[in-house]
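Thank you all for coming; I would like to use these few minutes to walk through one interface with you. Please have the sequence and the structure open while I talk.

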Amino acid sequence: MGLPNASADLSTEVEVDAFRRLFPLRFFEKHLLESIRPDARPLGRARDTTIALGAVASANGSALAKIGSTTMLAAIKMEVRTPSMETPDEGCIAIDFHMPPICSPIFRPCRPSEAAPVVAKQLSDTILRHANLFPRLFIAAEISGMINLKELSLVSGKAAWMTYLDIYCLDADGALFDAALLAAVAAFSHLEIPVVSLNDDGKIVLSEEQGLSDREPVNKEKRKVNLGGIPFSLTCILHKNYILADPTAEEESIMETSVTMVLDSSSQLVSLYKPGGAVLAYTSAIQDCIALTRQRVKELQKVLEEAISGMEVD
Amino acid sequence: MEVDREDGRSQNQLRPLACSRNNLHRAHGSASWSQGDTKVLAAVYGPKAGTKKNENPEKACIEVIWKPKTGQIGKLEKEYEMILKRTLQSICILTVNPNTTTSVIIQVANDDGALLPSAINAACMALVDAGIPTRHLAVSICCCVARSGLVVLDPTKLEEQKMKAFAYLVFPNSVHSVLPEGSPSGQGEPIQNGIITSVTHGIMSVDDYFYCLERGRAASTKLSDFLRKNLQQQSTDSSKAG
């Protein structure tokens with residue numbers, strides 16, 4: 001494979017689809033020379049993004065995020081438990097990322113994917129932002145940019161919220177981390193903390209309706225969580241001198257060097273993740289990627305605000 | 001403005017480095033790397049015949065196994081394995097031995113900060129010891145950003161936890177060129193300025209990150225010199241008994 005004469009002869013005879021399968025890199029490079037990609041996007045443009053809030057009715061907060069074909073469903077459930085001894089006035093968040101076999105033909109139930117634990121860890125690092133690297137499932141963080149864990153406390157030392165965030169990948173078509181982070185952030189902005197009250201045994205129970213007047217509710221009303229700097233991310237692929245934003249799965253498998261940048265709404269760099277790859281990233285390439293990410297943050301902020309205001313109208 | 005570090009180092013000073021090769025006799029290549037109290041052992045077995053199911057059989061495949069000092073293998077170890085595998089794939093010449101698997105096993109002996117950079121350095125030395133063909137070596141450094149905005153190199157575990165953010169950076173090693181034109185460059189910059197791998201934790205501003213890159217590059221030159229001296233020394237006075 002790869003003799004220039006052979007492919008030049010074949011390319012006149014072979015159909016486009018066959019050429020795409022037989023010589024994928026040449027197929028893409030022909031497009032890159034014209035500064036376009038096979039799905040007619042310019043190099044720096046991301047795919048169409050949509051967010052639907054409240055996708056799971058039984059969850060306290062949920063969202064379905066789609067970037068192109070990549071679909072992620074995030075759901076948050078909350079439970080009251082006693083906080084740990086070291087942090088008596090903080091709640092906990094447990095983040096889990098699942099890639100069920102529905103998302104891609106590569107993943108089977110018996111063989112766990114390599115990508116899932118890595119994306120799960122990246123997500124928990126980004127949302128919780130702590131320097132402690134221990135992979136405990138219930139992670140309590142001191143410094144958390146997006147969510148202040150002290151807000152999740154009910155009665156100091158006795159009761160706090162335990163939040164389970166589960167993200168399911170329904171369709172894996174590249175840029176998994178971007179879509180997962182967007183779904184998680186959207187689910188948190190949709191989250192409403194339920195009303196609870198203290199019953200006679202001293203236990204916290206959910207208040208059913210507002211008519212139960214003999215019990216004083218611990219928190220007055222369903223409230224939303226205050227989010228600090230919201231992180232948004234963009235994955236770019238580096239190939240020779242080209243920078244492609246928001247790759248599809250096909251592009252990711254052919255050109256393997258990817259850089260994921262996470263910026264928050266105040267333009268602070270939350271994470272710059274480049275896990276190896278044949279292409280070296282020079283300063284100019286990083287600056288271009290950061291500029292693309294800044295643009296993408298603005299787009300995503302608009303999409304999220306539209307989704308939230310759409311929910312409130314109902 | 002100076003930062004007070006507990007062990008009295010200046011902000012750009014690395015901890016004492018120590019490296020030895022050919023520690024393990026069964027492994028085809030092995031190395032032990034320590035930066036201060038952080039110590040990592042790396043062993044390389046390979047190339048062995050055959051590749052795994054999803055891997056491309058036209059290229060050599062690299063498999064990484066990360067063994068922590070204590071505890072079970074979890075997401076953190078899986079992430080380190082993935083980062084190490086992709087970093088080593090970019091420095092090895094994969095087309096020399098197609099359809100083979102090279103296993104790199106990392107055993108953490110002690111973790112006192114900058115664990116992933118030490119492991120990458122150890123793995124590179126083990127690859128050299130095993131004779132796996134590589135394009136260049138990878139030199140890895142950890143840079144921390146303090147709350148005041150200062151960049152501190154090679155933190156201990158305590159410093160990593162107290163700082164605002166830190167970044168693990170991996171650069172190709174610096175080139176000593178025989179030709180007078182200088183080292184091969186891409187995009188007008190020398191090749192050792194490019195980043196192979198970058199992993200950051202914590203929030204920092206974009207300018208802080210670029211400052212980390214500069215400091216990291218300067219430190220990687222020092223590390224490259226250390227590697228070069230170490231490899232030259234061991235090759236002149238070694239008498240490898242088979």
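How many residues of chain B are in contact with chain A, and how many residues of chain A do they meet? Before I answer, please keep in mind that we are looking at a predicted model. In this model, 41 residues of chain B are in contact with 45 residues of chain A, and the area buried between the two chains comes to about 3,700 Å², with carbon and sulfur atoms giving 58% of that area.

Let me turn to the polar side of the interface. Between chain B and chain A there is one salt bridge, in which the side chains of Glu79(B) and Lys121(A) meet at 2.9 Å, N to O. The count of residue pairs in polar contact between chain B and chain A, with both residues at pLDDT 80 or more, is 14.

Where on chain B do the touching residues come from? Several elements of chain B each supply at least two residues to the side that touches chain A, including α1 (75–91), β8 (165–172) and α4 (206–237), and the largest share, ten residues, comes from α1(B). Sorted by character, that side of chain B divides into 18 nonpolar, 14 polar and nine charged residues.

Finally, I would like to show you where strands from the two chains come together. Strand β14 of chain A, residues 268–273, pairs with β12(B) in the antiparallel sense over two bridges, and within β12(B) it is Ser205(B) that serves as the bridge partner of Gln268(A).

Conventions:
Residues are numbered from 1 along each chain as its sequence is written. Chains are lettered from A and ligands numbered from 1 in the order in which they are written. This is a predicted model: local features need pLDDT of at least 70, side-chain atom pairs count only at pLDDT 80 or more; totals for chains, interfaces and linings use all residues. Side-chain values use heavy atoms; hydrogens and water are left out. Contact means heavy atoms within 4.5 Å. Buried area is the accessible area (1.4 Å probe) that two parts lose on being put together, summed over both. A salt bridge is a side-chain nitrogen of Lys or Arg within 4 Å of a carboxyl oxygen of Asp or Glu. A polar contact is a pair of N or O atoms within 3.5 Å; within protein, one must be able to donate a hydrogen and the other to accept it, and residues adjacent in sequence count only if both atoms are side-chain atoms. Helices (H or I, at least four residues) and strands (E, at least two) are DSSP runs, numbered from the N terminus. Ala, Val, Leu, Ile, Met, Phe, Trp, Tyr, Cys and Pro count as nonpolar, Asp, Glu, Lys and Arg as charged, and the others, Gly among them, as polar. Two strands pair if DSSP finds at least two bridges between them.
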